[in-house]
Amino acid sequence: MAAVVPGTLGTLQASRARLAASCCVRLGPEWRLPGSLMGPRVAPAIWARGWAPAVGGSAPRRGYSSEVKTEDELRVRYLEEENRGIVVLGINRAYAKNSFSKNLIKMLSKAVDALKSDKKVWTIIVRNEVPGIFCAGADLKERVKMNPSEVGPFVSKIRAVINEIANLPGPTIAAIDGLALGGGLELALACDIRVAASSAKMGLVETKLAIIPGGGGTQRLPRAIGMSLAKELIFSARVLDGQEAKAVGLISHVLEQNQEGDAAYRKALDLAKEFLPQGPVAMRVAKLAINQGMEVDLVTGLAIEEACYAQTIPTKDRLEGLLAFKEKRSPRYKGE
C-alpha cells in the first residue's frame with residue numbers, strides 16, 4: 001500500500017488508495033493497480049464457461065442457437081453468430097405469473113453465479129418468456145404456506161439474488177414486455193438499463209399487503225427516479241404503464257407492443273448488439289466506475305475513475321484498438 005502522507009492530504013490519499021483497491025477487488029483477483037500501489041498486474045486466468053448448453057431440448061426460437069434445459073422455469077440461452085456474447089435469461093413460470101418461487105430463485109442464483117465468471121459473456125438480457133408477464137413478484141400461493149420464521153430468510157434470498165444481478169460485471173438489460181410488480185420491478189431495477197412496452201405495467205405494490213419492498217426497491221427506486229416520487233409511488237402502491245414509467249425516468253425506452261408481444265425484448269437485443277463492438281474490459285470497468293462513483297462524493301468518484309482507467313492501460317484490447325485505428329479497420333476485441 002502507498003505510504004501515508006501526514007495530515008489531511010495524507011488521510012485523503014490513503015482513503016483513495018483503499019477505494020481504488022476495493023474497485024480492483026470487484027473486478028476480480030487477476031487485476032492489480034499499477035506501480036507501487038498494489039503491485040504488478042498478473043495475466044488473466046482462463047475463465048471456464050460456467051453454464052454449458054444441454055444436449056437436446058426444445059427447438060430453438062427465433063434468433064436463438066441453443067437452450068440450457070434444466071427446468072423450464074428459467075431458460076438460459078447463449079446467442080451465437082453475430083449475437084455471440086449476448087446471453088438471455090428468460091423467466092417461464094406461466095402457471096404462476098412468472099412469480100419468484102424457491103425453485104426459481106435457486107435457478108437464478110445458479111445461473112448468475114456461472115455468468116459472472118464467464119469472460120465470454122458481454123451483455124445479459126433479462127426477459128419474460130410468458131406473454132404479457134415479466135414477473136409478478138413473490139409467489140404468494142407459496143408464501144401463504146410458509147411459517148413466519150421462513151418468510152424473512154426467503155425474502156433475504158430474493159434480495160441476495162437481485163443484488164447478484166446488480167453486481168454482474170457486464171451490462172444488463174431488463175426487457176419488460178408485461179406485468180412487473182413488486183419483486184419483478186425490483187429485478188428490473190437491478191439491471192443497468194430498462195426498456196418496456198407501452199402496455200407494460202410496473203409498480204412496487206407491497207404496501208397493499210401491509211409490507212414493504214424487500215428486494216432492494218426502497219433503495220434502487222429513489223436512486224432511479226428521485227426520493228420524493230419514489231416515496232409517492234411506494235406509499236400509494238401505484239402502477240405505471242410504459243409511457244408513464246418513461247416520463248418519470250424509470251425506464252430508458254418505451255415501445256408500442258407488437259403482435260409477437262416482444263417489442264421490449266427486440267429493443268433490448270438491438271441495444272446489446274450496439275454494445276458488442278466495444279471493448280468488454282472497458283465496459284466492465286466503466287460500469288464499476290459509474291456504480292461506485294455514484295455512491296460517493298465527486299472527488300472520491302474521480303479517484304475511483306482514475307483507478308478504473310488504470311485497469312484498461314495494460315490490456316491487449318487497448319493495443320488492438322490503437323492498431324485497428326491505425327490500420328483503418330474494425331477492432332477485434334477478446335476481453336483481455
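## Six-stranded sheet

Strands E2 (residues 86–91) and E3 (residues 123–128) run parallel to each other and are joined by six bridges. At the end of this pairing, Ile91 has Asn128 in E3 as its bridge partner. The description rests on a predicted model.

The two strands belong to an open sheet of six strands, ordered E1-E2-E3-E5-E7-E10, in which the pairing is mixed. Strand E1 (74–78) and strand E10 (253–255) occupy the edges; each has a single partner strand, so one side of each is left without a neighbour in the sheet. From one strand to the next, the twist averages 20 degrees.

## Four-stranded sheet

A further open sheet contains four strands in the order E4-E6-E8-E9, again with mixed pairing. Its edge strands are E4 (132–135) and E9 (240–241), each of which pairs on one side only.

Strands E8 and E9 are antiparallel and share two bridges. Within this pairing, Met202 stands opposite Leu240 in E9. Met202 also appears in the lining of the second largest cavity, which is treated below.

## Aromatic residues

The search for aromatic pairs covered the whole structure and returned zero. A contact between a charged group and a ring is nevertheless present: Arg127 lies over the face of Tyr265, at 4.1 Å from the ring centre. Arg127 falls within the range of strand E3 (residues 123–128).

## Enclosed cavities

Rolling a probe the size of a water molecule over the atoms shows where empty space is left. Two cavities of 30 Å³ or more are counted in this model. The largest has a volume of about 60 Å³. Its lining is made up of Leu115, Lys116, Val121, Trp122, Thr123, Ile124, Leu168, Pro169, Gly170, Pro171 and Arg284. By class, seven of these residues are nonpolar, two are polar and two are charged.

The second largest cavity holds about 40 Å³ of space. Leu185, Met202, Gly203, Leu204, Leu221, Leu233, Ile234, Arg238 and Leu250 line this cavity. The elements contributing two or more residues to that lining are strand E8 (201–203) and helix H7 (227–236). The lining comprises seven nonpolar residues, one polar residue and one charged residue.

## Largest pocket

The largest pocket has a volume of about 940 Å³. Its lining consists of 28 residues, of which Leu189, Cys191, Asp192, Asn291 and Glu295 lie nearest the centre of the pocket. Helix H4 (148–166), strand E7 (193–197), helix H6 (217–225) and helix H10 (280–293) are the elements that give two or more residues to this lining.

Which element gives the most to the lining of the largest pocket? That element is H10, with six residues. Strand E7, another contributor, is also a member of the six-stranded sheet. By class, the pocket lining contains 14 nonpolar, seven polar and seven charged residues.

Conventions:
Residues numbered from 1 in each chain as written. Predicted model: local features only at pLDDT ≥ 70, side-chain atom pairs only at ≥ 80, totals over all residues. Heavy atoms only, no water. Pairing = 2+ DSSP bridges. Axes fitted to C-alpha atoms, helices over the stretch in contact; angles between N-to-C directions. Phe/Tyr/Trp six-rings, centres within 6.5 Å; stacked < 30°, edge-to-face > 60°. Lys NZ or Arg CZ within 6 Å of the ring centre and 35° of its normal. 1 Å grid on protein atoms, 1.4 Å probe; cavity = no way out; pocket = protein on both sides within 12 Å on 5 of 7 lines; lining within 4 Å. Points joined across faces, edges and corners; volume = space filled by probe spheres on them. Nonpolar A, V, L, I, M, F, W, Y, C, P; charged D, E, K, R; others polar.
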